[in-house]
Amino acid sequence: MQPIGPFQESAVFIKNLNFSYDSRLILEDVNLDIFPLDSICVVGPNGGGKTTLVKLILGLLHPDSGTVQIYGGSPEDARLRMGYVPQYAQYDSSFPISVLEVVSMGCLGRSFTGRYSREDRAQAMDSLEETGLADIAGRPFASISGGQRQRVLIARALAAKGDILILDEPTANIDHESEMHFFELLTRLNQRMIILMVTHDVGFASTFFKRIACVNKQVKIHPTSALTGDMIREMYGGDQQMIRHDHCCGPEGHTYG
Amino acid sequence: MGDFLTVILDPDLPFLRYALLTGIFASIPFGVIGTFVVVRRISYIAGAIAHCVLGGIGLGLYLEKGMGVGWFGPIQGAVLAALLAASVLAVVSRHAKQREDSVIGALWAVGMAVGLLFIAKTPGYVDPMSYLFGNILLVGKNDLLFVLALDVLVFGAVWIFYNKFLAICFDEEFARLRGVSTGWFYLFLLCLTALTIVLLVRVVGIVMVIALLTLPAAVAGNFSRNIFQMMLVAVLFCVFFVVTGLGLSFSLDLPSGPVIILVAAVVYLCTMVFERLRH
């Protein structure tokens, strides 16, 4: 059942969206509606358009045709309501910056100069408390573990005080224990904000999320309970294909994964 | 070194005093901007801007000496060319991601070519050597004023917008999502870099700009936990390099630019070895 118009309460509303990159069609006729306190997991093969979809929602990319609305307005206007957690691996590991400084960046954009007020500092500390990082606030970002860095980036997104949390492959490269903590944290956060998470690991999807968006050029929404082997085969194009997807790391396969 | 002190204090020899003061005050923008250049990894962009400066110097010389234009000399030309190059590079990095290095390379060479052609057509003999390799001993009172103005500008801009500059260096995409106009701030950063480079050209010359811009910051990076510390330490190291280099060049009777650079390089090498041994 496709939505026919922006519902009063929908937070993210995407209608008939098409996007292509270098004349290659990445997303075709996408329709997606996300409601307050929703938790939605975006899965699909590499190159299927997951990250592109996220960047369209964030307003970092613009659709060729169709609509993206966040709280009834443009993504640019709603940027301060969205907290974005990118993959931590993209950061320069020799950049001299403390955990607290990274988290404080979530408070940028509230003033012209970008200088932090007392409330901003308190907000950053609260976010560190919430993610269990208060005791390493002064440590260099480069010296902490992968799981901790991931949580620092979540704390930074929380310091932004948005009501939509968007995470891109947050479980990549973190160990099992960090993962458990991570989902406990997401469960708590979901009580006050929308969680939208990109992953290629379908196993996680079923345990926490209310809905799953399968992205492979087209976007299909399923309730988590409907996640079956047939569905996985359908979205990845069969088990054999799925294995091949994981190993076939062609340059075009990862660019817009 | 005793001789050096006597000469510094000699009221009849102002040039060495100017050189020393210029070196010390210029270390502020060198260290501060150098830190951004190192952490944002844009030393190639700095190199391209430096080489474009020769184009501006050539134009300035040609207009001043060839056409008799009084208000446009080498320094105006240098500032103009540096700012122009910075703007072009800011636009290019935004719109032509995959071609950026080609454009940097092209701009680098074209700046030099234009400068050499203008110099060739300028009447009278102009020695490009002092522009290519710099000579801090030629700086005068006006240069010192330029340095002080740049100190105020760089210090003020970075003081006010510290968090935004930090954010565009660490994570430009996130900064943009927080509503920071990253395109404009990047342009602003490149323009400050461009003005700093004009000053560097005066002190160590076009060819050695990158060394004095990046070595103090690279050394400081080994000892610093955050960008503010890195800037502070870089400024101190830069002062040390310039003063030691000047002193050595005076007592050994060698050109100042290369000596300053070698002092910096030796210290950089030592800190790298020290870091290796420590880990």
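Good morning. In chain B, helix H2 passes helix H11 in a right-handed crossing, and I shall begin there, with the reminder that the model before you is a predicted one.

Helix H2 covers residues 14-39 of chain B and helix H11 covers residues 227-252 of chain B. Their axes come within 7 Å and cross at roughly 140°. The two helices are therefore oblique to each other. On the H2(B) side, the contact involves B:Ala19, B:Leu20, B:Gly23, B:Ile24, B:Ser27, B:Ile28, B:Phe30, B:Gly31, B:Val32, B:Gly34, B:Thr35 and B:Val39. On the H11(B) side, the participants include B:Ile227, B:Met230, B:Met231, B:Ala234, B:Val235 and B:Cys238. By class, this contact has 17 nonpolar residues, 5 polar ones and no charged ones.

H2(B) also packs on helix H7, residues 141-170 of chain B, at an angle of about 20° and with the axes 9 Å apart. That angle makes H2(B) roughly parallel to H7(B). Here the crossing is left-handed. From H2(B), the contributors include B:Tyr18, B:Leu21, B:Thr22, B:Phe25 and B:Ala26. From H7(B), they include B:Lys141, B:Asp143, B:Leu144, B:Val147 and B:Asp151. The residues of this contact are 19 nonpolar, 1 polar and 3 charged. You will find B:Ile28, B:Val32 and B:Val39 of H2(B) in the contact with H11(B), and B:Ile28, B:Val32 and B:Val39 are listed again in the contact with H7(B).

Let me turn to another pair in chain B. How are H4(B) and H5(B) oriented to each other, parallel or antiparallel? Helix H4 runs over residues 74-95 and helix H5 over residues 100-121 of chain B, and their axes come within 10 Å, crossing at roughly 165°. H4(B) and H5(B) are therefore roughly antiparallel to each other. Their crossing is right-handed. H4(B) supplies B:Ala81, B:Ala85, B:Val88, B:Leu89, B:Val92 and B:Ser93, while H5(B) supplies B:Glu100, B:Val103, B:Ile104, B:Leu107 and B:Gly111. The classes here are 8 nonpolar, 2 polar and 1 charged.

One residue in chain B merits a separate word. B:Ala194 sits in helix H9, residues 182-204 of chain B. Is B:Ala194 buried or exposed? B:Ala194 is buried, because 27 other C-beta atoms lie within 10 Å, and 20 or more suffice for that label. Leaving aside residues up to four places away in sequence, B:Ala194 touches B:Ile49, B:Ala82, B:Leu83, B:Ala85 and B:Ala86. One of these, B:Ala85, also belongs to the contact of H4(B) with H5(B). B:Ala194 and B:Ile33 are 161 residues apart along the chain, yet their C-alpha atoms are separated by 9.7 Å.

I now move to chain A. Its secondary structure comes to 9 helices and 9 strands. Of its 257 residues, 42% are buried. Among contacts in chain A with a separation of 6 or more, 71% join residues 24 or more positions apart.

Helix H1 of chain A, residues 50-58, illustrates burial in this chain: 9 of its 9 residues are buried, so the helix is largely enclosed by the rest of the structure. The buried residues include A:Lys50 and A:Lys55, together with A:Leu53, A:Val54 and A:Ile57. After H1(A) comes A:Gly59, with a positive phi near 80°.

The two chains meet through 21 residues of chain A and 20 residues of chain B. On the chain A side, 13 of these residues are nonpolar, 5 polar and 3 charged.

Finally, confidence. For the complex, the predictor gives an ipTM of 0.86 and a pTM of 0.87. Chain B averages a pLDDT of 90, with 99% of residues scoring at least 70. Within chain B, H11(B) has the highest mean, 94, and helix H1, residues 2-9, the lowest, 72. Chain A averages 82, with 82% of residues scoring at least 70. Its elements range from helix H8, residues 239-247, with the lowest mean pLDDT at 37, to helix H2, residues 99-104, with the highest at 95. Over residues 238-257 of chain A the pLDDT is below 50, and this stretch has 24 contacts in the model beyond near neighbours in sequence. Residues 1-7 of chain A also stay under 50, with 7 contacts beyond four places in sequence. Where pLDDT is low, the predicted coordinates should not be read in detail.

Thank you.

Note on methods:
Residues numbered from 1 in each chain as written. Chains lettered and ligands numbered in written order. Predicted model: local features only at pLDDT ≥ 70, side-chain atom pairs only at ≥ 80, totals over all residues. Axes fitted to C-alpha atoms, helices over the stretch in contact; angles between N-to-C directions. Helix = DSSP H or I, 4+ residues; strand = E, 2+ residues; numbered from the N terminus. Parallel < 35°, antiparallel > 145°, perpendicular 65-115°, else oblique. Left-handed = near helix turned anticlockwise from the far one by under 90°. Nonpolar A, V, L, I, M, F, W, Y, C, P; charged D, E, K, R; others polar. pLDDT = per-residue confidence, 0-100. Buried ≥ 20, exposed ≤ 12 C-beta atoms within 10 Å, placed from the backbone.
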